[in-house]
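This report describes one residue position and one ligand site. The sequence and structure are shown first, and the description follows.

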Amino acid sequence: LFGYVGIEAVLDQIRIKTIKTGIEFNIMVVGQSGLGKSTMVNTLFKSKVSRKPLSYEDRIPKTVQLRSVTHAIEEKGVKMKLTVTDTPGFGDQINNENCWEPIIKYINEQYEHYLREEILINRKRRIPDTRIHGCVYFVPPTGHWLRPLDLEFMRRLSKIVNVVPVIAKADTLTLEERAEFKQRIKKDLKAHGIIVYPQEDFDEDPDDRLLNDKIREKIPFAVVGADKEHQVNGKKVLGRKTKWGIVEVENSAHCEFPMLRDLLIRSHLQDLKDITHNAHYESYRTRRLNESNM
Ligand code: GDP
Ligand code: MG
């Protein structure tokens with residue numbers, strides 16, 4: 001019916017538009033104190049994603065004690081504003097009841113900000129997006145099972161945000177222990193009906209399913225964090241120095257930090273954003289507008 005239409009020109013337009021507007025991406029780290037969350041934030045920024053720190057901002061009131069760090073990254077002319085929100089650890093108190101509240105509150109507040117901008121008659125052309133696209137949950141490396149606290153926390157989080165669980169400080173476990181613990185966590189999550197990212201329901205087609213099945217197999221990633229560089233074979237590597245050698249965080253033979261980083265800021269970035277907007281934000285929005293006091 002038609003001759004050559006040249007639809008692929010649209011791809012160039014999308015590319016150019018993305019280059020002009022840039023990418024905003026927000027991650028959060030959650031888990032008990034002492035599991036290496038703050039270290040992981042530094043690891044992420046010090047690893048091969050960014051070289052020059054741009055700004056440290058404290059957008060969040062001190063009382064909540066959440067802290068966001070933003071770095072502007074530019075690669076081949078594409079700008080990305082990557083924000084990582086570090087949260088105070090919980091678990092220090094004897095009573096950890098409701099320790100998820102400040103975190104859940106923060107996540108919902110970002111949806112609220114977005115909603116308030118979106119329903120204005122005169123909307124901004126681009127609504128600033130502070131919504132959390134991915135929440136990395138740190139599981140303590142006990143090697144046994146998930147604690148009720150971790151289950152309850154993830155159960156609540158997974159209803160409002162993309163949760164990516166990781167086994168923290170994986171260098172304290174042997175490879176066998178990591179593998180066993182991983183299966184155990186998977187089983188526990190399934191038994192409790194906790195659905196983490198990438199959610200099977202959101203696989204778009206068989207190809208997607210195949211790719212995501214491989215990722216689901218690997219989750220929770222066994223990660224190691226470090227913010228110091230060491231000399232290994234004449235090269236500088238990020239790692240933890242021990243009596244027995246250096247655990248290299250960016251070496252996938254040593255830990256699965258590279259997989260976590262690739263998933264978040266490379267292979268699944270747009271998917272995390274899409275699910276945040278189309279599923280998590282959408283249900284927040286529906287709920288709020290049904291309350292209809294806006
Ligand atoms: P946070 O309370 O979760 O933010 O934990 P921190 O990042 O402050 O780390 C607590 C301690 O654990 C520090 O002494 C870190 O050097 C150490 N640490 C962080 N990541 C790792 C890791 O992957 N493996 C090991 N063995 N120690 C780690
Ligand atoms: Mg910390």
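The model is predicted. In it, His133 lies in the loop that runs between helix α3 (101-118) and strand β5 (134-139). The residue has a relative accessibility of 0%, and because buried means under 20%, His133 counts as buried. Leaving aside residues up to four places away in sequence, His133 is in contact with Glu24, Phe25 and Asn26, with Asn162, and with Leu272, Lys273 and Thr276.

**Surroundings of ligand 1**

The shell around ligand 1 is made up of 13 residues, the closest being Gly34, Lys37, Thr39, Asp171 and Gly225. By class, 7 of the shell residues are polar, 4 are charged and 2 are nonpolar. Helix α2 (residues 37-46) gives the most to this shell, contributing 3 residues.

Polar contacts of ligand 1 include the following pairs.

| Ligand 1 atom | Protein partner | Distance |
|---|---|---|
| Oxygen | Gly34, polar backbone atom | 2.7 Å |
| Oxygen | Thr39, side-chain N or O atom | 2.5 Å |
| Nitrogen | Arg240, side-chain N or O atom | 3.1 Å |

On its own, ligand 1 has 580 Å² of accessible area, of which the protein covers 69%.

Two of the partners in the table, Gly34 and Thr39, are also listed among the closest residues of the shell. For Gly34 the contact is made through the backbone, whereas for Thr39 the side chain supplies the N or O atom. Arg240 likewise uses a side-chain N or O atom, here paired with a nitrogen atom of ligand 1.

Definitions and conventions: Residues numbered from 1 in each chain as written. Chains lettered and ligands numbered in written order. Predicted model: local features only at pLDDT ≥ 70, side-chain atom pairs only at ≥ 80, totals over all residues. Heavy atoms only, no water. Helix = DSSP H or I, 4+ residues; strand = E, 2+ residues; numbered from the N terminus. Buried < 20%, exposed > 50% of the residue type's maximum accessible area, 1.4 Å probe, protein only. Contact = heavy atoms within 4.5 Å. Near = heavy atom within 4 Å. Polar contact = N/O pair within 3.5 Å; in protein donor to acceptor, adjacent residues only side chain to side chain. Areas by Shrake-Rupley, 256 points an atom, 1.4 Å probe, with all protein chains shown as cover. Nonpolar A, V, L, I, M, F, W, Y, C, P; charged D, E, K, R; others polar.
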